Amino acid sequence: MSKSNERNYGVYDLCVIGAGMCGVPAARHAINYARHATTKPYKVCVIGPEETQMIPDRDIWSAHYDEGRITRMSDPNWIWSLLARRSIQRYRKLEQDTGINFYSEVGSLTVGAEYIPVVQKTANDTGISVATLDNSQLQSKFPFLNFGDEDIAIYEAQNAGHISPRKLVRAQLIAALELGCDVIREIVNQVTEDNLLNGAPVMKVKTDSGRTIHARKVLIAVGCFTEFRKLLPVEPNLIFSPQTVTLVQITPEDAHRIEKMPSIIYRGKGAANWPGDALKNKDGAVGYYLLPPIQYEDGKYYIKMGHWDELLKGFLTTAKEVQEWFLGNGDENLGKQLEQAIINVVKDIKILGVHIDRCVTTRTPTRRPYIDLISPNLGVLLGGNGYAAKSSDELGRLAAHMMVDGCWKEQQLAWDHFKLQTK
Ligand SMILES: Cc1cc2nc3c(=O)[nH]c(=O)nc-3n(C[C@H](O)[C@H](O)[C@H](O)COP(=O)(O)OP(=O)(O)OC[C@H]3O[C@@H](n4cnc5c(N)ncnc54)[C@H](O)[C@@H]3O)c2cc1C
């Protein structure tokens, strides 16, 4: 996707800044939606850099440079559940339209004791089909996994599993290009309101390379990089959470042996035979998320695990800290605990290699994304809270409609849920 397709539209109707998980679907949905509302073409561009190495002379990357993100309709929170449901229902169509397969429907398992009733209740209330597994059902259905004697689970066999965030973004880009979206591979340096254009204000978007792009409206969807450039006249209340993940490389034979493994979210006491205190919080509870074997672009199979935020030493507060985190090696101690926890949970795997990776999730005090207008011409789509990959298509759709309409017409989800909070 390196080729620029620019049609040189002059003044765009909408410029989306951030060609990531949420920005690209926003651009795609905006063109689609506006098409039905007007006979004139709706000119959209999405601006953002391609995937790059984490090297010191760069400061902007993305939260989607990976092959595995858990997807599931079930959730303790009905809003996230609905966002995921609407997105998941569109995955297969997007795959067919673009020829990019990004979705593996291997199912999802929420294990433990603590929030199983809450997830079950949300699933019941929203009509999501899940099965509750008692401890013996859990052990017999997944004999290659090692859980505790008290653990029970919610198993979502359909409409759940994992997606490749890289491939999903690629599919969204192809679909957006197909609709006539311009993809501009630059970093935006500044967004300002410019002089009136035929009586209406116009937004001026300046890039790092010195180029200027004009648009009637601008949507900012830059993930954790809001403060890296002068994009907004306000400071959104965002918390940047440093994430460490461990990927263990396993053999193709092991990957095949455990191919029925679903994506897993765990919150419980662990098993008595788990050695040590890997991933235990101060109350003795263990928490992690775990992806089944996925073949990465190097052809090798990896199992990936990440941790809960309560094990963090602290959050990142400045752009400099975010940049330093991306350029570092993650939290090595956490990385080692994650490796041990994978060995504890997935029985009898031969480990060929271990790789510790790092990333940043963008949290909001509401734990919901911000989808809001700062002015009639400037909107935000920020704050994935670590959950937005699976729901990015619907988040993009909601933001796109808000930008095209200039207001919130969505009925089932009130705008109040997504209102921006500033510092
Ligand atoms: C380790 C980890 C595990 C996760 N696991 C899951 C999971 O299992 N399930 C799930 O649903 N979600 C998960 N997430 C969360 C999910 O990946 C994020 O919520 C999602 O990527 C956020 O999308 P976004 O578009 O807001 O940000 P991003 O995907 O980061 O996209 C932002 C884009 O903006 C671009 N940009 C930034 N600044 C500028 C600028 N000035 N000019 C132009 N472009 C700019 C960036 O290059 C980037 O491409 C996980 C996240 C992490 C880090």
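This text walks through the ligand site and then the salt bridges of the structure above. The model is a predicted one.

Start at the ligand. It is surrounded by 35 residues. The closest of them are Trp61, Ala63, Ile70, Cys359 and Tyr387. By type, the shell holds 22 nonpolar residues, nine polar ones and four charged ones. Three elements each contribute at least two residues to this shell: strand 3 (69-71), strand 17 (351-363) and helix 9.

Where does the ligand lie relative to domain 1 and domain 2? Domain 1 is made up of 11-63 + 166-237 + 366-418, and domain 2 of 103-162 + 239-363. Both give residues to the shell, so the ligand lies between them.

Backbone atoms of the protein meet the ligand at several points. A polar backbone atom of Ala63 is 2.8 Å from a ligand oxygen. At Cys22, a backbone N or O atom lies 2.9 Å from an oxygen atom of the ligand. Val188 faces a nitrogen instead: a polar backbone atom of Val188 is 2.9 Å from a nitrogen atom of the ligand. On its own, the ligand has 1,000 Å² of accessible area, and the protein covers 96% of that.

Now turn to the charged side chains. Side chains of opposite charge can pair when their charged atoms come close. The structure has 35 salt bridges.

One of them joins Asp393 and Arg28, with the closest N and O atoms 2.9 Å apart. This pair links distant parts of the chain. Asp393 sits in helix 9 (residues 388-405) and Arg28 in helix 1 (residues 23-37), 365 residues apart. Both Asp393 and Arg28 are buried.

Another bridge pairs Asp331 with Lys313, at 3.2 Å between the closest N and O atoms. Asp331 is in the loop between helix 7 (319-327) and helix 8 (332-345), while Lys313 is in the loop between strand 16 (301-307) and helix 7, so the bridge ties together parts 18 residues apart in sequence. Are these two partners buried or exposed? Asp331 counts as buried because its relative accessibility is 14%. Lys313 is exposed, at 76%.

Bridges can also share partners. Such sharing joins Arg28, Arg86, Arg90, Asp393, Glu394, Arg397 and Glu410 into one network.

A further bridge runs between Lys280 and Asp277, whose closest N and O atoms are 3.8 Å apart. Lys280 has 33% relative accessibility, so it counts as partly exposed. Asp277 has 57%, so it counts as exposed.

Notes. Residues are numbered from 1 along each chain as its sequence is written. This is a predicted model: local features need pLDDT of at least 70, side-chain atom pairs count only at pLDDT 80 or more; totals for chains, interfaces and linings use all residues. Side-chain values use heavy atoms; hydrogens and water are left out. A salt bridge is a side-chain nitrogen of Lys or Arg within 4 Å of a carboxyl oxygen of Asp or Glu. Helices (H or I, at least four residues) and strands (E, at least two) are DSSP runs, numbered from the N terminus. Buried means under 20% relative accessible area, exposed over 50%, partly exposed in between (1.4 Å probe, protein chains only). A residue is near a molecule or strand if one of its heavy atoms lies within 4 Å of it. A polar contact is a pair of N or O atoms within 3.5 Å; within protein, one must be able to donate a hydrogen and the other to accept it, and residues adjacent in sequence count only if both atoms are side-chain atoms. Accessible areas come from the Shrake-Rupley method with a 1.4 Å probe; for residues, only the protein chains shown count as cover. Ala, Val, Leu, Ile, Met, Phe, Trp, Tyr, Cys and Pro count as nonpolar, Asp, Glu, Lys and Arg as charged, and the others, Gly among them, as polar. Domain bounds come from an automatic or database domain assignment.
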